[in-house]
Amino acid sequence: MIQYMLLFSRQGKLRLQKWYNPIDMRAKRRTTRELITMILSRKPKMCSFLEYRDQKIVYKRYASLFFCVAIDSGDNELLTLEIIHRYVELLDKYFGSVCELDIIFNFEKAYFVLDELLIAGEVQETSKKSVLKAIAAQDMLQDETESKTGLDEMADKKKLGLSGGLP
């Protein structure tokens with residue numbers, strides 16, 4: 001089972017984090033800091049698996065982002081690499097060649113894609129089409145809500161005489 005997932009830049013800036021087990025904030029910060037330091041200090045040709053406390057850490061670098069996943073010591077590392085790759089593929093499909101700025105400015109979408117892929121640290125959906133379909137439906141729902149809210153605000157302003165035009 002996946003314990004947590006971290007996305008961070010080559011400069012060590014945390015861009016996304018998802019914890020599947022309750023841990024206090026101090027332990028999260030310490031774990032995050034230690035893992036980022038350990039992974040960034042490793043050479044590119046080194047193995048993408050390492051032992052950390054009672055967990056296995058699986059990480060992969062895509063462009064300027066590191067995707068780091070902590071799993072139980074008995075779990076399969078290659079399957080975890082495949083989950084990371086699937087997540088990156090989904091982000092690529094959604095954003096059209098995802099980059100660090102996409103994660104920074106659209107972090108809620110990155111979390112939504114992750115939540116469609118994983119629930120409680122387990123793979124929920126393996127089909128890319130199903131995940132992308134759910135994301136598209138969510139986007140349509142959000143667009144409807146935003147346009148309805150905008151129309152409601154315009155109607156309220158008109159009722160109050162705040163249309164912004166000349167009287």
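Two strands are said to pair when DSSP finds at least two bridges between them. Strands here are DSSP runs of E with at least two residues, helices are runs of H or I with at least four residues, and both are numbered from the N terminus. With those terms in hand, let us walk through the structure.

This is a predicted model, in which local features need a pLDDT of at least 70 and side-chain atom pairs count only at pLDDT 80 or more, while totals for chains, interfaces and linings use all residues. Residues are numbered from 1 along each chain as its sequence is written, and side-chain values use heavy atoms, with hydrogens and water left out.

## The overall plan

The protein has 5 helices and 7 strands. Followed along the sequence, they come in the pattern β-β-α-β-β-β-α-α-α-β-β-α. Of the 167 residues, 33% are buried (buried means under 20% relative accessible area, exposed over 50%, and partly exposed in between, with a 1.4 Å probe and protein chains only).

## Strands and their turns

Start with β4, which has partners in both β3 and β5. Strand β3 (residues 49–52) runs antiparallel to β4, and 4 bridges join them. Here phenylalanine 49 stands opposite valine 58 of β4. Strand β5 (residues 65–72) also pairs with β4 in the antiparallel sense, over 8 bridges. In that pairing, lysine 56 has isoleucine 71 in β5 as its bridge partner.

What is the sign of phi at arginine 53 in the hairpin of β3 and β4? Arginine 53 takes a positive phi near 55°, in a hairpin with 2 residues between the strands. The hairpin of β4 and β5 also has 2 residues between the strands, and there alanine 63 takes a positive phi near 55°. Most residues other than glycine have a negative phi. Alanine 63 is not a glycine, yet its phi is positive. Alanine 63 is exposed, with a relative accessible area of 63%. Another such residue is serine 97, with a positive phi near 65°. Serine 97 sits in the loop between α2 and α3 (100–105), and it is exposed, with a relative accessible area of 57%.

## Salt bridges

A salt bridge is a side-chain nitrogen of Lys or Arg within 4 Å of a carboxyl oxygen of Asp or Glu. The structure holds 7 of them, including the three in this table.

| Acidic residue | Basic residue | Closest N to O distance |
|---|---|---|
| Aspartate 115 | Lysine 18 | 3.1 Å |
| Glutamate 77 | Lysine 56 | 2.7 Å |
| Aspartate 139 | Lysine 109 | 2.4 Å |

Aspartate 115 forms its salt bridge with lysine 18. This pair links distant parts of the chain, with aspartate 115 in helix α4 (residues 107–117) and lysine 18 in strand β2 (residues 14–19), 97 residues apart. Aspartate 115 counts as partly exposed at 30% relative accessibility, and lysine 18 is also partly exposed, at 21%.

Glutamate 77 forms a salt bridge with lysine 56. Glutamate 77 is in helix α2 (residues 77–95) and lysine 56 in strand β4, so the pair ties together parts that are 21 residues apart in sequence. Are these two residues buried or partly exposed? Glutamate 77 is partly exposed, with a relative accessible area of 21%, whereas lysine 56 is buried, at 13%.

The side chains of aspartate 139 and lysine 109 also meet in a salt bridge. Aspartate 139 lies in helix α5 (residues 128–160) and lysine 109 in helix α4, 30 residues apart. Both residues are buried. Elsewhere, Arg86, Glu89 and Lys128 are linked in a network of salt bridges.

## The nonpolar core

In soluble globular proteins, nonpolar side chains tend to be buried together. A nonpolar core is a set of buried Ala, Val, Leu, Ile, Met, Phe, Trp, Tyr and Cys residues joined through side-chain atoms within 4.5 Å. In this model the largest one has 26 residues, of which Phe67, Tyr87, Leu91 and Ile103 touch the most other members. At least two residues of this core come from each of β1 (2–9), β5, α2, α4 and α5. Helix α2 gives the most, with 7 residues.
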